[in-house]
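Here's a quick tour of a small set of features worth finding in the viewer. Have the sequence and the 3D view open side by side.

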Amino acid sequence: MENEGIKIDAITPQNEPLHGGNNPSMIMTAQEQTDFIKNNLGASICF
């Protein structure tokens with residue numbers, strides 16, 4: 001994305017959480033989102 005001039009400042013784990021009308025959709029509880037962000041989307045340190 002950066003090579004195309006698109007800067008990404010933030011992402012979210014899902015769009016419209018808990019909305020059963022989306023298809024395809026998934027449901028993540030607040031705790032599941034917290035765990036996912038902490039363990040999978042958190043900042044990484046590259047050296």
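## Around the helix and beyond

Met 26 sits in the segment before helix 1. This is a predicted model, so keep that in mind while reading on. With a relative accessibility of 44%, Met 26 counts as partly exposed because that value falls between the 20% and 50% cut-offs. Its C-alpha lies 8.2 Å from that of Gln 14, though 12 residues separate Met 26 and Gln 14 in sequence.

As for the overall fold, the protein has 1 helix and 0 strands. Of its 47 residues, 6% count as buried. The accessible surface comes to about 4500 Å², and carbon and sulfur atoms account for 54% of that.

Helix 1 covers residues 30-41 and includes Ile 37. Ile 37 is partly exposed, at 39% relative accessibility. Ile 37 also helps make a nonpolar surface patch of about 560 Å², together with Met 1, Ile 6, Ile 8, Ile 11 and Leu 41.

Now for charges. Side chains of opposite charge can pair when their charged atoms come close. How many salt bridges does a search of the whole structure find? It turns up 1. The partners are Lys 7 and Asp 9, whose closest N and O atoms are 3.7 Å apart. Lys 7 counts as exposed, and Asp 9 is exposed too.

Here are the accessibility values side by side:

| Residue | Relative accessibility | Class |
|---|---|---|
| Met 26 | 44% | partly exposed |
| Ile 37 | 39% | partly exposed |
| Lys 7 | 69% | exposed |
| Asp 9 | 67% | exposed |

Methods:
Residues are numbered from 1 along each chain as its sequence is written. This is a predicted model: local features need pLDDT of at least 70, side-chain atom pairs count only at pLDDT 80 or more; totals for chains, interfaces and linings use all residues. Side-chain values use heavy atoms; hydrogens and water are left out. Helices (H or I, at least four residues) and strands (E, at least two) are DSSP runs, numbered from the N terminus. Buried means under 20% relative accessible area, exposed over 50%, partly exposed in between (1.4 Å probe, protein chains only). Accessible areas come from the Shrake-Rupley method with a 1.4 Å probe; for residues, only the protein chains shown count as cover. Patches are made of residues with over 30% relative accessible area and no salt bridge: like charges are joined within 9 Å, nonpolar side chains (Val, Leu, Ile, Met, Phe, Trp, Tyr) within 5 Å. A salt bridge is a side-chain nitrogen of Lys or Arg within 4 Å of a carboxyl oxygen of Asp or Glu.
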